Amino acid sequence: MDWAFVFSQTLTQALGITAIIYCLAAIGLNLQFGYTGLLNFGVVAFVASGAYAIGVIVLTFELSLWLAIPVAMGVAVLLSLLLGIPTLRLRADYLAIVTIAASELLRLTVRTVLPDYLGGTQGLNGKIGQQFHDLNPLPADFESLPVLTWTRQDLWVVIVGWGLIALFSVLMLLLVRSPWGRVVKGIREDEDAVISLGKNTFAYKMQSLVVGGIIMAFGGILWAVAKQSVQPDTFVPDFTFFVYTILLLGGAARILGPIAGTIIFWFLLAGIGEFLGQAIQAGWIDFLKPTDVGAIRFILMGLGLMMLMIFRPQGIFGDKKELALDAR
Amino acid sequence: MPADHTEELGPQARATQAVLASVERRPGAAKPDPILIADNVKRQFGGLVAVDVEHVQIQRGSITALIGPNGAGKTTFFNLLTGFDAPNTGAWTFNTRQVAGTAPFKLARMGMVRTFQLTKALSRMTVMDNMLLGAKGQIGERFLSSFIAPLWKGQESTNRARAEALLARFNLAEKAGDFAGSLSGGQRKLLEMARALMSGPELVMLDEPMAGVNPALTQSLLQHIKAIREEGTTVLFVEHDMDMVHDISDWVIVMAQGQIIAEGPPDSVMKDQGVIDAYLGAHHDKQLTSTGEALTESPGGSA
Ligand SMILES: Nc1ncnc2c1ncn2[C@@H]1O[C@H](COP(=O)(O)OP(=O)(O)OP(=O)(O)O)[C@@H](O)[C@H]1O
Ligand SMILES: [Mg+2]
């Protein structure tokens, strides 16, 4: 059993591109759900809209990536308005129902509608991120960092990705510590009370949905650029629920919650997978086949999460005292 | 009882009571300077008519009590007036402006601020943050300015000072840093009232502000309510405690089964046979009989 290999693979994944995409989505969700209390169950739709906007602009229309990024943000804004305007005036559960339905609707639509533009079930595959990768400042003969075994191209994405996470986390910190943040937290606690104090809560909820949606779209932008491929069936509701898991794991309404949650989630998921794979290879476990590992790691992960919710329901960074207030 | 209090009446109280002395003592009586006028406000829940107010006026600068047995429609009427619920029919003006159908947050901005019977403390926020949320016209509440602290820091510290002063008045100064969810039921009532006052409302509507507040504190709260009236705020409040109603209100409006059945100064209203019947005929409530002098003198009640 090669422990060093298991560790290096695990850490590389815990900090890698997929983790970064989830982290960006979780930061957006933290604003919407953690601070404002909006139950957005369509996280994946915002990520997909960002990724598709990039794919369509760059591959279908053969336009610049730098144009595609603001378009992707615009699409996220549009999606937020589309989902928010009819539902945000209603009770909180309506947004949940509408968003989860919309995310599936969107996936099934891009799968079948306008295949010449959206690529049908195959999606859009090609040099989506070329303009970004051309800017890679790493030396051409770069091999790999010690332990963290990203390729030259991936490392460049990882650097920019963590940069985005840092940027959005700082913006979020400014936002939630301001009077604006106080209003959205008030809405999460009791919307009627905030209305009675003269705040236009609909506008605040809309702003929160839009800003969170844009941050999520950046997850999609990074996805398209890094993987150079946008496929409809990767944007399934599971994604949304993993993002919720990450947020609750790290602690909702905490600036570092999404980051801690992402690293722990991917470290455990990857770690269990790598460990089981190696253990099967070494013959320690004979009742499992290598092909079972993918499913088993989610089972173990689920058990772990149940333990967490029982013994530390507030998440890693959450405040237990704060959680106890809910019961009163 | 009113005799003991005459010497502590402020100029605003004296003026208002003098003006109201000449107002007719009947439902829907016209007031010399109404801040709020409602007409034909009706709200039905299925077959039940919860509110059916033909006409009512609230005198500016007064402390007006809205009383009535449980289920009379007082809270529903509050909800309608403040835009939290929509009536089946009806119109009302605030400061002569037609405001039926206006969004509740806009009414609050215009200066008509209410509290809730079931307290709405923002649990996972500090008492201070609860208070600060009450302040009006905050620059830092706009999305873009929120990122630039120098734009709003000054306003924030002014608001903070105001909040501290109000919290001190309401005996909550030491709690400023605690989560509002950790307060007791009575303390939450106090916080909600203090928070409503943060915006400096013209008309404050309090739904049972004293429920669950201990008697000693009630006395000091009564003084605060009198004080904010002296500062020019109109107070409309719902209350079941007849002693309190008697003590601070200039005018009492009685609701029963959705309608206004009587109006007048506290003394005359509490002697009104129709009012006594409305209270005691349907629901004989011990607390009411033992507190309101006028009610205990009534011929044995009819329960
Ligand atoms: N949302 C609702 N749906 C159905 N019926 C309602 C609703 N709200 C109030 N009612 C009914 O309307 C009537 C008036 O209720 P309301 O809460 O206004 O009474 P209240 O005068 O405030 O009483 P209390 O002194 O007990 O607070 C009651 O009969 C109540 O059952
Ligand atoms: Mg009520």
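Me: Buried means under 20% relative accessible area, exposed means over 50%, and partly exposed is what lies in between (1.4 Å probe, protein chains only). With that in hand, why is L172(B) called buried?

Reply: Its relative accessible area is 0%, and that is under the 20% limit, so buried is the right word. A note on the basis: this is a predicted model, in which local features need pLDDT of at least 70 and side-chain atom pairs pLDDT 80 or more, while totals for chains, interfaces and linings use all residues. Residues are numbered from 1 along each chain as written, chains are lettered from A and ligands numbered from 1 in the order written, and side-chain values use heavy atoms, without hydrogens and water.

Me: What does L172(B) touch, leaving out residues up to four places away in sequence?

Reply: Contact means heavy atoms within 4.5 Å, and by that rule L172(B) touches L167(B), Q187(B), L190(B) and L191(B). L172(B) itself sits in the loop between helix 6 (149–169) and helix 7 (185–197) of chain B; helices here are DSSP runs of H or I with at least four residues, strands are E runs of at least two, and both are numbered from the N terminus. L190(B) is 18 residues away in sequence, with 8.1 Å from C-alpha to C-alpha.

Me: What makes T75(B) and Q117(B) donors of the magnesium ion (ligand 2)?

Reply: A donor is an N, O or S atom within 2.8 Å of the metal (3.2 Å for Na, K and Ca). OG1 of T75(B) and OE1 of Q117(B) lie 1.9 to 2.1 Å from the ion, and so they qualify. T75(B) belongs to helix 3 (residues 74–81) of chain B and Q117(B) to the loop between strand 6 (112–114) and helix 5 (127–133), so the pair ties together parts 42 residues apart in sequence. Water is not among the atoms, so the site may look incomplete.

Me: Why are T75(B) and Q117(B) called partly exposed?

Reply: T75(B) has 25% relative accessibility and Q117(B) has 33%. Both values fall between the two limits, hence the label.

Me: How do you know whether S196(A) is buried or exposed?

Reply: Its relative accessible area is 3%, so S196(A) counts as buried. This residue lies in helix 10 (residues 191–196) of chain A, and it touches F84(B), A108(B), V113(B), R114(B) and F116(B) of the other chain.

Me: How do you know that the radius of gyration of chain A agrees with a compact globule?

Reply: The rule, taken over C-alpha atoms, is 2.2 Å times the number of residues to the power 0.38. For 328 residues it gives a value near 20 Å, and chain A has 20 Å, so the two agree.
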